[in-house]
Amino acid sequence: MRADAPIQRVTASAFRIPTDAPESDGTFTWNSTTLLVVEVSAGNEVGLGYSYTHASAVSLVATLAPAVTGIEALDVPAASTAATAALRNVGRSGLGATALSALDCALWDLKGRLVSMPVVTLLGAARDAVPLYGSGGFTSYSVDRLTEQLGGWIADGFTRVKMKIGRSARDDIARVEAARRAIGPEAELFVDANGAYTRKQALALAARFADCQVTWFEEPVSSDDLDGLALLVDRAPAGMAIAAGEYAYDVDDFRSLLQKRAVDVLQADATRCGGISGFLKAATLSEAWHLPLSAHTAPSIHAQVCSAVPHVCHIEYFHDHARIEQLLFDGAPRPRAGEIRADRTRPGLGLALKRADAEPYRCP
């Protein structure tokens, strides 16, 4: 163990990876995903963290670097607190939160490498594996591609899948019906509107989706509309959970969702909410409100932290992020029978950037 390993250097890079097909959800269209990679050096070790954000976050990481340089690398709370304070005049939410999140994840990875332990062991394991749900089903997909993707996850052992909705209420009903036929009667079907509907649209569609045994309705209205989410929590059909939280950037955002009783399941994303440190705070809050927690995307990071949180119900195995992490990280965990396991044979997050493979995607 290195007990005297001050942080020496912080660097950041961004990589833009094209999607394998045009993608859209209820409110956004994209053809690439940008990966921010942060590396922190101390004691002859280098910790790695990442987020999915805009390439301009690289300059924000450079702004945070002086705040953490010289802090003992084992003291993750001290370094993360210093980095958070450095965002005061920049803005804590949005882009600033993704830069902070990637840095915090790198700090935890570095600590694990310095003490030769995986992050899950540092935190204390609560389970051997965490359930996944397959996530994709973009609104840009044809019905054939939609059903092939969702049905493929079920064939691979997943018991839950999620699809995007929100472009057209009429088309959404037909697509949800096709998805149910493709996955059979036993698998759970989740839908995600990304805030595309009005309150009354969402209520009407929730009733229609219940006919297809939809058990999860994510962001039926904007995640900024806490009263609207609370309305859906009160009036959605029995057996249909309302989920939100992927755009919660700090503790106050999570607290607001919980105090308004705006979710049945709280979502948190370690690449947006302040890294592993922020995710653990969200976990504490959700447990205090007696609500389950679901991890949003970034399965390679969440495999470690969620293995240490007993009330996490599942991790989103998002098509884009799973593809990118397998493409660019050595050690990215692969699902087995619809679950993911934290690698306890490698220190930290257990990941290494495939630099040669990543270089063609580097942002200028």
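Q: How many salt bridges does the structure hold?
A: A salt bridge is a side-chain nitrogen of Lys or Arg within 4 Å of a carboxyl oxygen of Asp or Glu. The structure holds 15 of them. Before we go on, please note that this is a predicted model, where local features need pLDDT of at least 70, side-chain atom pairs count only at pLDDT 80 or more, and totals for chains, interfaces and linings use all residues. Residues are numbered from 1 along each chain as its sequence is written, and side-chain values use heavy atoms, with hydrogens and water left out.

Q: Which side chain meets R113 in a salt bridge?
A: R113 pairs with D109, at 2.7 Å from N to O. R113 and D109 are 4 residues apart in helix α3, and are therefore separated by about one helical turn. Helices (H or I, at least four residues) and strands (E, at least two) are DSSP runs, numbered from the N terminus.

Q: What describes two packed helices?
A: The angle between their axes and the distance between the axes. Axes are lines fitted to C-alpha atoms, for helices over the stretch in contact, and angles run from 0 to 180 degrees between N-to-C directions. Angles under 35 degrees count as roughly parallel, over 145 as roughly antiparallel, 65 to 115 as roughly perpendicular and the rest as oblique.

Q: Where do α2 and α3 fit in, parallel or antiparallel?
A: The axes of α2 (residues 76-86) and α3 (residues 95-115) come within 10 Å and cross at roughly 165°, so the two helices are roughly antiparallel. Contact means heavy atoms within 4.5 Å. On the α2 side it involves V76, A79, S80, A83 and T84, and on the α3 side L100, L103, D104, L107, W108 and K111.

Q: And α7 with α8, parallel or antiparallel?
A: Here α7 (residues 199-210) and α8 (residues 226-235) pack at about 25°, with axes 10 Å apart, and are therefore roughly parallel. R199, A202 and L203 of α7 meet D227, G228, L231, L232 and R235 of α8.

Q: What is the strand order in the open sheet?
A: Two strands pair if DSSP finds at least two bridges between them. The 3 strands run in the order β1-β2-β3, with antiparallel pairing. β1 (9-24) and β3 (45-52) stand at the edges with a single partner strand each, so one side of each has no neighbour in the sheet. Strand β2 (residues 29-42) pairs with β3 over 8 bridges, and L36 has S51 in β3 as its bridge partner.

Q: Which helix lies across β1 and β2?
A: That is α1 (residues 57-68), running at about 155° to β1.
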